[in-house]
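Work through the following exercises with the sequence and the coordinates side by side. Each task is followed by a solution that proceeds step by step.

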Amino acid sequence: MGPGASTSAQPLSRLLLSLPKPGAAKHPRSSSSSSSPSQPRPDVAAARSPGLVLRRREAAAALLSTAFLSRFALPAAAADGGECPLEVAPSGLAFCDRVVGTGAAAQEGQLIRAHYTGRLEDGTVFDSSYKRGKPLTFRVGVGEVIKGWDQGIVGGEGIPPMLAGGKRTLKLPPALAYGEKGAGCRGWEPTSCVIPPNSTLLFDVEYVGRATG
């Protein structure tokens, strides 16, 4: 997000708004104590259970499996315990509408509000606006958030735009999330990251509607 953006982000929402996107410059391999924009807040790091992080070899096997399975429509576990069949768009983003909204469609450039819960494929919840009791406010479709969110909310490439009041599950391949760098990393080991490198992410998104201001 650019320094001039008007979005007011809550602490954990930095995973969506502030951490490096794919293609960002790598940090130098240094043990210097200088601060890094990719370092997570302590409350973010605490949200990840170290015992659930895959070891390198297991992660490589899981990624190969994910690359194959993501080509097909797969069910996603619903917040209420049910399943929602995912439809895969040409971009690789998979989606399923749990609730189709009745309000106006999200449009590129609009300032909107959205609630969400973000999970790794192993079920680890790394962020949730519901826990903060306040939806995330951001300008959609202009790169303020990761690509999968922009495409999953505004639509395009076979994905319909979300309507206000709607709830949608998104499955983001690494290329539409944080890619090979991951996010919230404290070091060069994959296990140091809130979101490990090459992670496929699952989001349950509720489009609240347009924000004022």
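## Exercise 1: the disulfides

C84 and C96 are joined by a disulfide, with an S to S distance of 1.6 Å. The model is predicted, and every value below is computed from it.

**Task.** Describe the handedness of each disulfide, and state which pattern the bonded cysteines follow along the chain.

**Solution.** Begin with the count: the structure contains two disulfides. For C84 and C96, the torsion about the S-S bond is about -75°, and the disulfide is therefore left-handed. This pair connects distant parts of the chain, since C84 belongs to strand β2 (residues 83-85) and C96 to strand β4 (residues 94-99), twelve residues apart. Both C84 and C96 are buried.

Next, take the link between C185 and C193, whose S to S distance is 2.0 Å. Here the angle about the S-S bond is 105°, and the link of C185 and C193 is right-handed. The relative accessible area of C185 is 12%, and because buried means under 20%, C185 counts as buried; C193, at 2% relative accessibility, is buried as well. Finally, with bonded cysteines counted along the chain, the disulfides follow the pattern 1-2, 3-4.

## Exercise 2: the nonpolar core

**Task.** Find which residues have the most contacts inside the largest nonpolar core, and which elements give two or more residues to this core.

**Solution.** The largest nonpolar core comprises 32 residues, and those with the most contacts inside it are F138, W149, I153, F203 and V205. The elements that supply two or more residues to this core are β5 (111-120), β7 (136-139), α5 (147-154), β8 (167-172), β10 (193-195) and β11 (201-210). In soluble globular proteins, nonpolar side chains tend to be buried together.

To follow one member of the core in detail, consider I153 and leave aside its neighbours within four places in sequence: I153 is then in contact with A106, I112, F138, V140, P161, M162 and V205.

## Exercise 3: strand β5 and its partners

**Task.** Establish how many residues of β5 are buried, and which strands pair with β5 and in what sense.

**Solution.** Start with accessibility: β5 is mostly covered, as nine of its ten residues are buried. Then go through the partners one by one. With β7, the strand β5 pairs in the antiparallel sense over four bridges, and A114 stands opposite L136 in β7. With β11, which also runs antiparallel to β5, nine bridges are formed, and H115 stands opposite E206 in β11.

The pairing of β5 with strand β6 (residues 125-128) is antiparallel too and extends over three bridges. In β6, D127 is the bridge partner of G118, while V125 is the bridge partner of R119. The two strands β5 and β6 form a hairpin with four residues between them, and in the turn G123 has a positive phi of about 95°.

## Exercise 4: aromatic pairs

**Task.** Classify the ring pairs that F203 makes with F126 and with W149.

**Solution.** A search of the whole structure yields five aromatic pairs. A pair of aromatic rings is described by the distance of the centres and the angle of the planes. The ring centres of F126 and F203 are 5.8 Å apart and the planes stand at 90°, so the pair is edge-to-face. Because F126 lies in strand β6 and F203 in strand β11, this pair ties together parts that are 77 residues apart in sequence. F126 and F203 are both buried.

For W149 and F203, the ring centres are 5.6 Å apart and the planes stand at 85°, so this pair is likewise edge-to-face. With W149 in helix α5 and F203 in strand β11, the pair ties together parts that are 54 residues apart in sequence. W149 is buried, as is F203. As a last step, the ring pairs can be followed onward: they link Y116, F126, F138, W149 and F203 into a cluster.

## Exercise 5: positive phi outside glycine

**Task.** Locate E157 and N198 in the chain, and decide whether each is buried, partly exposed or exposed.

**Solution.** E157 is not a glycine, yet it has a positive phi of about 55°. E157 sits in the loop between α5 and β8, and its relative accessibility of 48% makes it partly exposed.

N198, also not a glycine, has a positive phi of about 55°. The loop that holds N198 is the one between β10 and β11, and at 30% relative accessibility N198 counts as partly exposed.

Technical notes
Residues numbered from 1 in each chain as written. Predicted model: local features only at pLDDT ≥ 70, side-chain atom pairs only at ≥ 80, totals over all residues. Heavy atoms only, no water. Disulfide = S-S within 2.5 Å. Buried < 20%, exposed > 50% of the residue type's maximum accessible area, 1.4 Å probe, protein only. Core = buried A, V, L, I, M, F, W, Y, C linked by side-chain atoms within 4.5 Å. Contact = heavy atoms within 4.5 Å. Pairing = 2+ DSSP bridges. Phe/Tyr/Trp six-rings, centres within 6.5 Å; stacked < 30°, edge-to-face > 60°.
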